[in-house]
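Good morning, and thank you for making time for this presentation. Please have the sequence and the model open in front of you while I speak.

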Amino acid sequence: MQKLSVVVGDYPHARAVLGGSAAVAGHLVEEVEVRPVIGAYRRMIRDLEFDVCELAPVSYLMARQVGAPLTAIPVFLNRRFHQGDVQCGAGSGIRVPADLEGRRVGVRAYSVSTGVWVRGLLAEQYGVDPGKVTWVVDDDDHVEGRVPANVERVTDGRSLGELLRAGEIDAAFTGNAGTGRAGSPRAGWTAVAEGASGTAGTSGAQGTSGAVESGPADGPYPLFPDADVLATDWYLRTGVYPLHSLVALRTELVDRDPALPTALYAAFAEAKRRQLAADPQWTALPRFARQAGQVGGDPVPYGVAANEPSLAALVRHSVDQGLLDPDFPGATGSLFAAGDYPDA
């Protein structure tokens with residue numbers, strides 16, 4: 001039995017792989033716990049520290065472009081919509097998405113997946129030019145060297161939440177992608193950073209564009225207050241369901257054992273099947289229960305065919321935003337190791 005060091009987040013639909021009951025044929029899984037799991041991404045990309053590791057999909061695409069010896073299987077453990085992820089500063093006067101042009105917007109790192117998805121959404125659905133926004137960051141990209149000129153780095157140690165409350169940035173992303181955390185992922189990073197602005201409120205009337213007509217005077221407010229409604233409508237029109245992680249492995253392992261990607265995929269598919277059988281309503285992960293209603297089915301689909309619109313959109317957004325070269329291969333099948341990946 002070959003040993004595999006494996007790092008993934010604490011997902012109920014992956015625990016059977018880590019525990020060994022959903023076995024990877026011919027291999028013994030050794031879980032390496034990294035919390036938050038985002039803290040493992042850079043270690044995998046830069047140092048190949050693990051055999052198998054969950055990665056942010058944009059970081060994976062960028063790593064492939066620079067020749068990092070990594071490949072992946074189409075297991076996407078985390079999914080979420082992003083219409084609710086932009087909050088506007090009190091007094092910013094931002095009413096519609098176009099008002100973001102010429103403004104300063106905080107995001108943890110330029111290539112963070114939430115940022116890529118939201119910039120793509122703003123550009124394609126609302127005509128916002130991301131090149132006319134100043135993106136203010138307080139962390140490095142996992143793969144460096146592709147930051148455009150309209151990105152500024154926080155240099156005085158303050159969090160994005162503090163900057164938003166002080167009016168020094170006009171808007172910011174919420175949660176891990178922005179005001180919910182400060183600096184690079186590290187142990188204990190799950191706590192809300194001191195000075196963070198907290199969760200965006202829901203005050204303000206919605207106009208015909210879906211954006212806020214006016215915000216509260218004493219705190220940040222959401223750019224899109226009816227985010228779930230807009231997300232469902234967007235999904236039904238585009239088929240795009242933003243993916244937030246994939247499972248990557250060292251290419252050397254695949255070269256040694258070409259059957260490993262198929263075996264690994266089968267194990268994750270079996271783990272998910274077992275979790276669904278035990279908890280068909282996703283009570284262990286209520287956010288997925290809500291998203292199942294939005295997409296009208298499986299909230300965490302695996303496989304290439306089932307995810308082709310989302311993968312194509314992610315590559316397109318990454319190219320448009322300067323993170324990937326224009327000739328980056330867009331065929332979704334070429335993004336993954338050769339293997340047998342039935343939709344699961």
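Let me begin with one definition: a residue is called exposed when its relative accessible area is over 50%, and buried when that area is under 20%. Please also keep in mind that this is a predicted model.

Glu-144 lies in the loop that links β7, residues 134-137, with β8, residues 151-153. Because its relative accessibility is 53%, Glu-144 counts as exposed. From Glu-144 to Leu-163 there are 19 residues in sequence, and their C-alpha atoms are 24 Å apart in space.

Gln-291 offers a contrast. This residue belongs to helix α9, residues 286-295. With a relative accessible area of 2%, Gln-291 is buried. Which residues does Gln-291 touch, not counting those up to four places away in sequence? They are Arg-79, Arg-80, Phe-81, Tyr-241 and Pro-299.

I turn now to the sheet. Five strands make up an open sheet with mixed pairing, and their order is β2-β1-β3-β11-β4. Which strands stand at the edges? They are β2, residues 27-31, and β4, residues 70-73; each has a single partner strand, so one side of each is left without a neighbour in the sheet. On average, and with direction ignored, neighbouring strands of this sheet are turned by 35° against each other. As general background, the strands of a sheet pair through backbone hydrogen bonds, in either a parallel or an antiparallel sense.

Let us look at β3 with its two partners. Strand β1, residues 2-7, and strand β3, residues 52-55, pair in the parallel sense, over two bridges. Within that pairing, Val-7 stands opposite Cys-53 of β3. By contrast, β3 and β11 run antiparallel and are joined by four bridges. Here Val-52 has Leu-249 of β11 as its bridge partner.

Are the faces of β3 covered or open? Both are covered: Val-52 and Glu-54 on one side, and Cys-53 and Leu-55 on the other, are all buried.

Cys-53 deserves a further word, together with Cys-88. Cys-53 counts as buried because its relative accessibility is 0%. Cys-88 is likewise at 0% relative accessibility and therefore counts as buried. How many disulfides does the structure hold? The number is zero.

My last topic is helix packing. Strand β1 pairs with β3 in the parallel sense; helix α3, residues 57-65, packs on the sheet and touches β3, β4 and β11, the last of these being residues 246-250. The direction of α3 makes about 140° with that of β4.

Helix α3 also packs with helix α10, residues 308-320, at an angle of about 65° and with the two axes 11 Å apart. That angle makes α3 roughly perpendicular to α10, because angles of 65 to 115 degrees are placed in that class. The crossing of these two helices, α3 and α10, is right-handed. On the α3 side, the contact is made by Pro-57, Val-58 and Leu-61. On the α10 side, Leu-314, Val-315 and Ser-318 take part.

Thank you for your attention.

Conventions: Residues are numbered from 1 along each chain as its sequence is written. This is a predicted model: local features need pLDDT of at least 70, side-chain atom pairs count only at pLDDT 80 or more; totals for chains, interfaces and linings use all residues. Side-chain values use heavy atoms; hydrogens and water are left out. A disulfide is a pair of cysteine sulfur atoms within 2.5 Å. Buried means under 20% relative accessible area, exposed over 50%, partly exposed in between (1.4 Å probe, protein chains only). Two strands pair if DSSP finds at least two bridges between them. Axes are lines fitted to C-alpha atoms, for helices over the stretch in contact, and angles run from 0 to 180 degrees between N-to-C directions. Contact means heavy atoms within 4.5 Å. Angles under 35 degrees count as roughly parallel, over 145 as roughly antiparallel, 65 to 115 as roughly perpendicular and the rest as oblique. A crossing is left-handed if the near helix is turned anticlockwise from the far one by less than a right angle, and right-handed if clockwise.
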